[in-house]
Amino acid sequence: MTKPVIILGIESSCDDTSAAIIADEQELSCVIASQDVHKKYGGVVPELASRAHLQNIVPVVDTAIKNAGIKKEDISAIAFTRGPGLMGSLLVGTSFTKGLSLALDIPMIEVNHLQGHVLSHFIQQKDSNKKQPEFPFLCLLVSGGHTEIILVHDYLRMESIGKTIDDAAGEAFDKCGKVMGMSYPAGPVIDKNAALGNPKTFKFNKPIIQGLNYSFSGLKTSFLYFLRNHIKAEPDFITNNINDLCASLQATITDILMDKLIKASKETEIKEISISGGVAANSGLREAIKNEASKRKWKAYLPELKHTTDNASMIAIVGYYKYLLNDFARHDLPPMARFEI
Ligand code: KG4
Ligand code: ZN
């Protein structure tokens with residue numbers, strides 16, 4: 001039997017420091033250190049994020065190697081997030097990778113974070129044989145920083161066919177949550193409250209945007225004005241209606257996302273449909289995908305919850321496919337805050 005390719009993945013693009021080990025497509029370990037320091041500021045503070053990455057990266061990588069039951073000498077290559085993301089955060093992962101690659105004398109592989117989210121569907125767990133999408137497939141990538149429909153031709157050949165022209169879907173969750181007094185990130189809290197509410201109680205306007213693009217900034221503004229108007233008449237309006245507000249907001253965001261995804265599937269005639277990114281953990285969106293799948297004969301792929309938010313296994317899996325092509329990075333490669341898919 002040939003020895004598996006062992007990839008160490010490193011992710012540090014935003015506010016999670018993560019390291020993972022995969023053997024071919026199988027995840028052996030994945031460690032994530034989240035940064036609570038941003039909670040009180042209502043969003044990620046870049047300077048604090050890079051400082052926290054500096055503190056976390058060595059213990060996180062060390063734990064990932066230990067948890068995988070391997071030695072650092074077993075690693076075939078290191079895959080790291082080159083971008084997109086916060087420059088200071090990316091610098092920590094990139095510089096650490098360069099140092100370790102030189103010390104171990106193994107290649108390093110640059111990874112586009114967005115490709116990582118898309119290929120998270122290919123990560124296999126021990127003793128499970130997860131069904132992987134067939135090419136070509138569509139991926140609705142929805143996170144705190146991105147909202148895009150991606151046409152995936154092959155592991156490393158992807159094309160963005162629609163994207164947000166302003167805020168991302170995760171940002172809409174977080175910003176609307178903030179005006180309801182929730183701390184960052186509000187998405188998971190809105191999801192929880194929505195389960196207890198009626199999604200038809202309140203109606204919010206949906207944007208009219210050409211083609212397959214999205215827009216979420218209008219929703220955020222109209223939600224804010226809607227709350228202000230109601231609070232004038234009823235000061236405890238938010239507390240009294242929190243579950244219905246969350247359910248109605250979540251249903252609106254889900255509808256906006258689904259409308260364009262359905263359009264994309266019709267236009268491309270592709271029925272292999274997947275979602276990824278932090279917002280792919282949302283139960284309303286997951287339910288909507290399942291419903292449309294049975295109605296439209298889609299084959300739908302929902303990521304494991306632990307692979308929806310930022311994680312290094314998704315970086316490692318991209319690294320694995322690039323390793324097979326000997327697609328290695330030079331040591332003088334700078335990180336890129338902006339990086340198209
Ligand atoms: O992919 P991710 O970890 O980071 C980025 O690359 O942005 O996504 C984080 C985003 C946040 O906006 C968070 O509120 C949202 O994902 N999120 C959710 C849920 N879980 C995370 N939004 C709605 N429902 C959820 N269950
Ligand atoms: Zn992400």
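In which hand, left or right, does α4 pass α7 in their crossing? In this predicted model, the crossing in which α4 passes α7 is right-handed. The briefing below covers the packing of helices α4, α6 and α7, then the site of the zinc ion (ligand 2), and lastly some features of the backbone.

**Helix α4 against helix α7**

- Helix α4 comprises residues 169-179 and helix α7 residues 237-268; the two pack at an angle of about 165°, and their axes lie 11 Å apart.
- Because of this angle, α4 is roughly antiparallel to α7; angles over 145 degrees count as such.
- On the α4 side, the residues that meet α7 are Ala 169, Ala 172, Phe 173, Cys 176 and Val 179. Their counterparts in α7 are Ile 238, Leu 249, Gln 250, Ile 253 and Leu 257.
- By class, this contact of α4 with α7 consists of 9 nonpolar residues and 1 polar residue, with no charged ones.

**Helix α6 against helix α7**

- Helix α6 spans residues 217-233, and its axis comes within 12 Å of that of α7, the two crossing at roughly 160°.
- The helices α6 and α7 are therefore roughly antiparallel to each other.
- Their crossing is right-handed.
- From α6, the contact draws on Leu 219, Phe 223, Phe 226, Leu 227, His 230 and Ile 231. From α7, the participants are Phe 237, Ile 238, Leu 245, Leu 249, Thr 252, Ile 253 and Ile 256.
- The contact of α6 with α7 contains 11 nonpolar and 2 polar residues, and no charged residues.

**Helix α4 against helix α6**

- The axes of α4 and α6 are 10 Å apart, and the helices pack at an angle of about 15°.
- It follows that α4 and α6 are roughly parallel to each other, since angles under 35 degrees are counted in that way.
- The crossing of α4 and α6 is right-handed.
- Lys 175, Cys 176 and Val 179 of α4 meet Lys 220, Phe 223, Leu 224 and Leu 227 of α6.
- The residues of this contact of α4 with α6 comprise 5 nonpolar and 2 charged, with no polar ones.

**The zinc ion (ligand 2)**

- Three residues supply the protein donors of the zinc ion (ligand 2): His 113 through NE2, His 117 through NE2 and Asp 310 through OD, at 2.0 to 2.2 Å from the ion.
- Along the chain, the donors follow the spacing H-x3-H-x192-D.
- His 117 belongs to helix α3 (residues 113-119), whereas Asp 310 lies in the loop between β10 (299-301) and α9 (313-324), so this pair ties together parts that are 193 residues apart in sequence.
- The site has 4 donor atoms, and the angles among them run from 94 to 144°.
- The geometry of the site is irregular, because four donors count as tetrahedral if all angles lie between 85 and 135 degrees.

**Backbone features**

- Most residues other than glycine have a negative phi, and most peptide bonds are trans.
- The peptide bond from Gly 83 to Pro 84 is cis, with omega near -5°. Pro 84 is placed in the loop between β4 (77-83) and α2 (87-104).
- Tyr 184 and Pro 185 are likewise joined by a cis peptide bond, for which omega is about -5°. Pro 185 is found in the loop between α4 and α5 (187-194).
- Asp 24, although not a glycine, has a positive phi of about 50°. Asp 24 occupies the loop between β2 (16-23) and β3 (26-34).

How values were computed:
Residues are numbered from 1 along each chain as its sequence is written. Chains are lettered from A and ligands numbered from 1 in the order in which they are written. This is a predicted model: local features need pLDDT of at least 70, side-chain atom pairs count only at pLDDT 80 or more; totals for chains, interfaces and linings use all residues. Side-chain values use heavy atoms; hydrogens and water are left out. Axes are lines fitted to C-alpha atoms, for helices over the stretch in contact, and angles run from 0 to 180 degrees between N-to-C directions. Helices (H or I, at least four residues) and strands (E, at least two) are DSSP runs, numbered from the N terminus. Angles under 35 degrees count as roughly parallel, over 145 as roughly antiparallel, 65 to 115 as roughly perpendicular and the rest as oblique. A crossing is left-handed if the near helix is turned anticlockwise from the far one by less than a right angle, and right-handed if clockwise. Contact means heavy atoms within 4.5 Å. Ala, Val, Leu, Ile, Met, Phe, Trp, Tyr, Cys and Pro count as nonpolar, Asp, Glu, Lys and Arg as charged, and the others, Gly among them, as polar. Donors are N, O and S atoms within 2.8 Å of the metal (3.2 Å for Na, K and Ca); water is not among the atoms, so sites may look incomplete. Four donors count as tetrahedral if all angles lie between 85 and 135 degrees; four count as square planar and six as octahedral if opposite donors are over 155 degrees apart and all others between 65 and 115; anything else is irregular.
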